[in-house]
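Biologist: Pick one part of this model and give me a close look at that single part. Start with the whole chain, then zoom in.

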Amino acid sequence: MSVLTRDEAQSRAKLLDVHRYTIELDLTTGDETFESSTVIRFAARANGDTFVEVRPATLHSVTLDGEPLDPDTLDGNRLPLENLTAGDHELRVRASMRYSRTGEGMHRFTDPTDGETYLYTQLFMEDVQRVFAAFDQPDLKSVFELTVTAPEAWTVLANSITEHLGEGRWRAAPTPLISTYLVAVAAGPWHSVTTEHHGLPFGLHCRRSLAPHLDADADELLEITRQCYDRYHEKFEEPYPFDSYDQAFVPEFNAGAMENPGLVTFRDEFVYRSAVTDTERQTRAMVIAHEMAHMWFGDLVTLQWWDDIWLNESFAEYMGYQTLTEATRFTDTWTDFGVVRKPWGYDADQRPSTHPVAPENVDDTASALLNFDGISYAKGASALRQLVTWLGEKDFLAGINTHFARHRFANATLADFIDSLAAHTDRDVHAWADAWLRTTGVDTLTPTLHGSNGDHTLTITHHGSRPHRVAAGLYDLDLTDAGSLTLRERLEIDIPQNAPQPIGKRPALVLLNDGDLTYTKVRFDPASFETVRTSLSGLPDPLTRAVVWSALRDAVRDGDLAPTAYLDAARAHLPKETDLALVQGVLAYASAQVADRYVTPEQRPAAVATLSALCRDLIRRTEDGDHPGLRLIAVRHFIDVAAHPDTIAAWLADGTVPGGPELDPDLRWRVLARLAVLGATDERAIAAELDRDPSATGQEGAARCRAALPDADAKRTAWAAMFDDDTLSNYLFTATAQGFWQPEQSDLVADYVPRYYQDAVAVAARRGPAIAEAAGRWAFPTRAVTPDTLRLGEACLTDADPIPALRRKLVDQLDDLARALRVRKA
């Protein structure tokens, strides 16, 4: 398959004006393929040659202006259109297309619970070609008319309101001008909850087997949707630009969600079938807010080329968190961003694969796909948050509304966006953009205090190049409450700092970036670090504590703080923590990174014991039943770090943790997976649990457990399923990979480390980017922290030529591995 280059896209955009797609899909022709007929009406501005993209199982016929073209001229995914004359044209393409099992194109899923089948499209970047023929680039917007034939009992959803014509035929209303990658169809026997808001149809949809769980949360989901919708209409002068708003929770979805206009698709893990914390509900609400923001920034106004993907994702990320805080009961969303989401950006920005938020060298679609990372989302959102702090929200929103008015139903670039902002401020927004959006890396701010008695000054050492408006929090020990800290003053300081800042009496803690309004690493002066060590949990605000925890995390990754010191801080302060996002984020990092990668094998038993004791403390603290979310987090992590099977095996046998919670399906699979790692269960028990829970999630749980068994035959079977048999869906591949590598089984799986590189390269080449992503992220031997693992990986990058999606994952994984080796040495 040929990837589209920016030069080719620019040339085609100069030549063509695409008016309308008329698409007919027949989904009744079998389990492997469906029929696709496309009519594209377009105009050529001059005489010339071009091509249309399509990736069929069989290309049946092609006609241009009524004249047949030879289907055999299809070269990969490109069908040449030669000797076009200036004027209007009509292209007709009829093909059979393959269903996908990897979440790309038209994904087909049969629910093991009840045997019902569901289909949905994910057409992002280049996957529209798997469903219908298209001039597939974001700046060739068009009107789309879809007709779909489906089994009689099914419902068909699309970007616009659909009408059932009878005999299984559905017709969607013509769309406004949208990009090819935003077209969406979802078909199946959906369970739906519908309502209206301000005259606009709202719908929630999921598989029938999840109906009770969707119904249980429908009021909450619709309330969040209404609140975000209303708040965006207060912020944006341009009204919601489409005729309906459906949210479909679909199976085996590769992303969190996709912003298809009028039909947002979400991974259906967001339909909770087991107990979750309020922070997890907040995350779901943020995704709802994020995707709705895309209706304006991404769908109404769309990037011209993929180098400006940040214009879509950074804006939606920032607006999702901010709007959720302003409009819903979730008022502490920036804490979760600071402790969970933002580190994703920091990590990505310190790897060799880093890139500017707004890169200039995105030469083709394969390169563009690699930029959907922590930089385009978390760093970009952090940059926008700093921009709002520097510019003021009033001027920022005025610029946004100008941008919408200038480019509605069209395409825009970074330069267009900055010009819209500049129209409403005297500040040099262009210089800000150059410093923030065209550079890479993370700045570091370090405080230094000078003086004596009650006469101190604060100087901030700035390692980096970006300007910052940063808050410095000055905290004193509360003499009336041992271990507590009180905010004396929060100073606003512009970086670079012109002169030392007088601060009077020396505070117990100086915290830079208090409030987390900029994107930077921060360090502590020695006295402040001692206060953090003893009194972190005494800080009054969870967002302030999130900044401190993030600073400790950075110090561990940089080799400036011993991993065991991070665990000691967690052991001392998490039992007193009240914010669920902080507890979850710190425990996740302490377990997956510190205990599993950063401490040496000799230190790991003590690290795991520390985490186990910490979880026991949290479980004891929550025995009164007043903190169910905190208790659920503690129980989950206690299961994950259990070094001995007796306690958790008893929980599984009893079906409950003493004092609660009862073991719902997710907790049961979690316990069984840990018992598998410890060699305390077997295939018979796994099969029995699968009989108890035959759902799709149960299938994934069984695959994870089977791959985790400390048995040579189990490992061989799991490996063959991932790398030799190409029938695993994207989700079952991931579940198997998650179970395979375990720290306790390093000797058993040692021979698979060298095999990984050659087998991952081969499976990625055969199965494409989605499986490449899963193979690089989940199947990589992350727990094999050895120089040999690093050496083998570097040789693979040099000699094996992995496809771009896998290469990027391997570059990142190997850099993280090298960092883990440095941390261990330090």
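**From the whole chain to one strand**

Modeller: About 30,400 Å² of the chain is exposed, with carbon and sulfur atoms supplying 48% of that (Shrake-Rupley areas, 1.4 Å probe; for residues, only the protein chains shown count as cover). Bear in mind that this is a predicted model, where local features need pLDDT of at least 70 and side-chain atom pairs count only at pLDDT 80 or more, while totals for chains, interfaces and linings use all residues. Residues are numbered from 1 along each chain as its sequence is written, and side-chain values use heavy atoms, with hydrogens and water left out.

Of the 826 residues, 60% are buried, meaning under 20% relative accessible area with a 1.4 Å probe and protein chains only. The radius of gyration is 27 Å, which agrees with the value near 28 Å for a compact globule of 826 residues (C-alpha atoms; the rule is 2.2 Å times the number of residues to the power 0.38). Within the chain there are 26 helices and 28 strands, taken as DSSP runs numbered from the N terminus: H or I over at least four residues, E over at least two.

Now zoom in on β24, residues 468-477: seven of its 10 residues are buried, so this strand is largely enclosed by the rest of the structure. What does β24 pair with over 10 bridges? That's β25 (residues 485-495), running antiparallel to β24; pairing takes at least two DSSP bridges. In this pair, His468 sits opposite Ile495 of β25. β24 also pairs with β27 (residues 509-512), again antiparallel, over four bridges. There, Gly473 has Leu511 of β27 as its bridge partner.

Notes
Buried < 20%, exposed > 50% of the residue type's maximum accessible area, 1.4 Å probe, protein only.
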